[in-house]
Amino acid sequence: MWGFAHHVAVSSTIKPIYMMTGAIAEYYFKRSPYDWDPVTKTFNFHGPSTFPTRYTTAEDIGNYVLEAITAPDAANGGFVRVQSFEASPEDIVKAYNAARGGRVTAKLNCLGSLKDAEDKLNEGRAKYGKSEWYNYLRYSYQYHIPARSWDYEPVDVARFPNVKQTSLEEFFRRNPDV
């Protein structure tokens, strides 16, 4: 994103709005078997189980986008930093179990330390190169999110009070297929 933002700034008069959302909840829990095993209801992660990650639901992203593009200063472009909730792996298990009322129990599976995730990322880069990035992309997320190297403060949540943030437990209640 930063490379594109710099390119646009020096080569164009357009002023895009860039949105930082953290992890997209639907991707993690519905599309990524590396993160969430839908059969065993297991959340896979690297690093400490108490480390919080920023998540935003697709619905909240849509609502934030609508607010951002209709804001009085939208033509100025810039960066928008938002989230729905923060949750650690331990929080995920607690919220999932609460949302399911004890009928289904989620589990945690620590895949190793942050160093392990970084090593897997570097091994994938060396083995596959840039053209086969999809073979190791998951380790980018497994390393950079808990390492906080991609972190941001969701300062624009307060700027858009019309968006009701979805909680983690609410996300699980709304998605019984997870």
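In strand 5, the bridge partner to look for is threonine 56, which is matched with isoleucine 24. That pair is a handy way into this predicted model, and the report below works outward from it.

## Two open sheets

The strands that hold this pair, strand 2 and strand 5 (residues 53-56), run parallel and are joined by 2 bridges. They belong to an open sheet of 3 strands, with the order 2-5-7 and mixed pairing. Strand 2 (23-24) and strand 7 (85-87) are the edge strands here, each pairing on one side only.

As a piece of background, strands of a sheet pair through backbone hydrogen bonds, and they do so either parallel or antiparallel.

There is another open sheet of 3 strands to find, this one with the order 3-4-8 and again with mixed pairing. Strand 3 (36-37) and strand 8 (107-110) stand at its edges; each has a single partner strand, so one side of each is left without a neighbour in the sheet. Strand 3 runs antiparallel to strand 4 (residues 42-45), and 2 bridges join them. Across that pairing, aspartate 37 stands opposite threonine 42.

Threonine 42, placed in strand 4, deserves a closer look. Is threonine 42 buried or exposed? Its relative accessible area is 11%, under the 20% cut-off, so threonine 42 counts as buried. Its side chain makes a polar contact of 2.8 Å with the side chain of threonine 40. Leaving aside neighbours within four places in sequence, threonine 42 is in contact with Asp35, Trp36, Asp37, Lys107, Leu108 and Asn109.

## Helix 4 and the cores

Which helix lies across strand 3, strand 4 and strand 8? Helix 4 (residues 89-99) does, and it runs at about 160° to strand 8. The buried residues of this helix are Pro89, Ile92, Val93, Ala95, Tyr96 and Ala99. Just after helix 4 comes glycine 101, with a positive phi of about 60°.

In soluble globular proteins, nonpolar side chains tend to be buried together. The largest nonpolar core in this model has 21 residues, and Phe29, Phe43, Tyr55, Ile92 and Phe172 touch the most other members. Helix 2 (25-31), strand 4, strand 7, helix 4 and helix 7 are the elements that give two or more residues to this core. Helix 4 gives the most, with 5 residues.

Phenylalanine 43 shows how such a core residue sits among its surroundings. Neighbours within four places in sequence aside, phenylalanine 43 is in contact with Tyr28, Phe29, Asp35, Trp36, Tyr55, Pro89, Ile92, Lys107, Leu108 and Asn109. A second, separate core has 8 residues, including Tyr64, Ala68, Ala71 and Val82.

## Two aspartates and a tyrosine

Aspartate 116 is found in helix 5 (residues 114-128). A polar atom of its side chain lies 2.8 Å from the backbone nitrogen of serine 113. The C-alpha atom of aspartate 116 is separated by 15 Å from that of serine 49, and these two residues are 67 residues apart along the chain.

Aspartate 156 has its place in the loop between helix 6 (137-147) and helix 7 (168-174). What lies 2.7 Å from a polar atom of the side chain of aspartate 156? The backbone nitrogen of arginine 81 does. The contacts of aspartate 156, again leaving aside neighbours within four places in sequence, are with Phe79, Val80, Arg81 and Val82.

Tyrosine 143 is in helix 6. Not counting residues up to four places away in sequence, tyrosine 143 touches Leu114, Ala117, Glu118 and Leu121. Its C-alpha atom is separated by 13 Å from that of tyrosine 34, although the two are 109 residues apart along the chain.

The table sets out how accessible these three residues are, together with threonine 42.

| Residue | Relative accessibility | Class |
|---|---|---|
| Threonine 42 | 11% | buried |
| Aspartate 116 | 32% | partly exposed |
| Tyrosine 143 | 18% | buried |
| Aspartate 156 | 7% | buried |

Definitions and conventions
Residues are numbered from 1 along each chain as its sequence is written. This is a predicted model: local features need pLDDT of at least 70, side-chain atom pairs count only at pLDDT 80 or more; totals for chains, interfaces and linings use all residues. Side-chain values use heavy atoms; hydrogens and water are left out. Two strands pair if DSSP finds at least two bridges between them. Helices (H or I, at least four residues) and strands (E, at least two) are DSSP runs, numbered from the N terminus. Contact means heavy atoms within 4.5 Å. Axes are lines fitted to C-alpha atoms, for helices over the stretch in contact, and angles run from 0 to 180 degrees between N-to-C directions. Buried means under 20% relative accessible area, exposed over 50%, partly exposed in between (1.4 Å probe, protein chains only). A polar contact is a pair of N or O atoms within 3.5 Å; within protein, one must be able to donate a hydrogen and the other to accept it, and residues adjacent in sequence count only if both atoms are side-chain atoms. A nonpolar core is a set of buried Ala, Val, Leu, Ile, Met, Phe, Trp, Tyr and Cys residues joined through side-chain atoms within 4.5 Å.
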